[in-house]
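Please work through the following exercises with the model open beside the text. Each task is followed by a solution in steps.

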Amino acid sequence: VKEITDRLELLKIRNRTWHIQGTCAPVGDGLRESLDWLSKIVKVKKQSRMESVASAFAAGKVAAGSAVASAVSAGSTAIVSGARSVVAPSEDKQSADKSVGRGSEGMEALMLSWLEDVDDEEATLQQFIDGKLKQWGHKNRLLVSWLLVRRNGRKEAIRLLFDGARGILGDSFHETTLYFWVHMVHYASELTTNPLGSFKGFLLLNPQLVNSDLLLEYYTQEAIWQNPDAQAQVVMPDKKPLPSLLGGAAVSAKNGTSDQPPEVVHELCDEEFLELFSQRKPPSWGHETKLRAIWLLLRLEGRRQGGTSRVFKKLQQAEAGMHHITESYFWIQMVSYGGASMGDTAECFAEFIRHDSCKQLLDPGLILKHYSDGGLAEGVAEFRLPDIKPMPNVVAK
């Protein structure tokens, strides 16, 4: 902290309220102190602004419009300066929040307005459940998703969220969009410790979610808005996969460990999962989804007599534009090797992936031990052999 303070010459800053705090987000160290300071400074600045506005009105010197604008914009740096580097919306995208300007300043203003809202969260949730919520904007979408995930867990939250949103939105309901946001809320909730236990604390820890254009980092405009299937069912991102809790870097903050994979949660039995995967409607998209699909397809098709080719074909159908031939072959090989290492004794995928010889498969970065970035780039449309080290030999095992 001292080194950063000295290098940034923070002690020379006299015209801004600032605070520096050593923190560690995965385990929560220093977060409570940081959020306590943010909470206090918000209250102080808000009270100061309200008093200034009241005095101005009493003196008849400030028009209502300019007073409100001043109240919203003043002090934005103090509220979101810690999150500014995280919120970086693209300038060429269309925002769902059309009232806010583009760029980091627009996101800061939006974050500030959300933090200063005094809406009754419980009342908002009840209105949603009753089908009487009049405003279904991005903020309420995140708020309701966060409340439902926190209280009911991911599976039940998705059901309640979809049922409620269908009733409110009618023909405007868009399944892929809503699934994306509840997935991102759940993912962020699992990876951050929220000492305040409030929605505002969640936003402060995850300011990237304020940007409604985050969706377009995963989907092209054509895939999300011009594809009729995306409205009626969940479709797979065509730019990059959704983040997975089971990736090597995605370790839950709630257990505070990084050397063990997080608990693997399987909401569907293997037969139900495979049926949904074949319909391109799995409960989530990510690295573990691919591993589970490969294991189940190999179990169904085998590797001999054209089995691998059939597995490839089904993966390609499900992944569509995201299908990577070399990556798919690599993971088929690694899943096969893992099964052979444990004697192919697993009765279900959960048993397979928890085995000591298979846990490493949960790390999507494992492929980079065998392929360079260049090798993978060349292997999208046709299979390439590893250019760093060979894959393990299933036959030898």
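The exercises below treat a helix, its salt bridges and some aromatic pairs.

The model is predicted, so local features need pLDDT of at least 70 and side-chain atom pairs count only at pLDDT 80 or more, while totals for chains, interfaces and linings use all residues. Residues are numbered from 1 along each chain as its sequence is written, and side-chain values use heavy atoms, with hydrogens and water left out.

**Exercise 1.** Find the span of helix α7 and locate its kink.

Solution. Helices are DSSP runs (H or I, at least four residues) numbered from the N terminus, and the expected span of a helix is 1.5 Å times one less than its number of residues. For 32 residues a straight helix would span 46 Å, whereas α7, residues 138-169, spans only 13 Å between its end C-alpha atoms. Next, look for the bend, which is the angle between axes fitted to the seven residues ending at a residue and the seven starting there. In α7 a kink of about 125° is centred on G153. Finally, just after α7, G170 takes a positive phi of about 60°.

**Exercise 2.** Identify the salt-bridge partners of R151 and R159, and classify the accessibility of R151 and E156.

Solution. A salt bridge needs a side-chain nitrogen of Lys or Arg within 4 Å of a carboxyl oxygen of Asp or Glu; the structure holds twelve. R151 meets E122 at 2.3 Å, N to O, and this pair links distant parts of the chain, since R151 is in α7 and E122 in helix α6 (residues 121-129), 29 residues apart. R159 pairs with E156, the closest N and O atoms being 2.4 Å apart, and both of these residues lie in α7, three residues apart, about one turn of the helix. E156 and R159 also belong to a network of salt bridges with D163, R166 and E175. For accessibility, buried means under 20% relative accessible area, exposed over 50% and partly exposed in between (1.4 Å probe, protein chains only). R151, at 45%, is therefore partly exposed, and so is E156, at 28%.

**Exercise 3.** Decide whether the rings of F199 and F202 are stacked or edge-to-face.

Solution. Rings of Phe, Tyr and Trp (its six-membered ring) pair if their centres lie within 6.5 Å, and planes under 30 degrees apart count as stacked, over 60 as edge-to-face and the rest as tilted. The structure holds 16 aromatic pairs. The centres of F199 and F202 are 6.3 Å apart and their planes lie at 25°, so this pair is stacked. Both residues lie in helix α9 (residues 199-205); F199 is buried at 2% relative accessibility, and F202 is buried at 2%.

How values were computed
Helix = DSSP H or I, 4+ residues; strand = E, 2+ residues; numbered from the N terminus.
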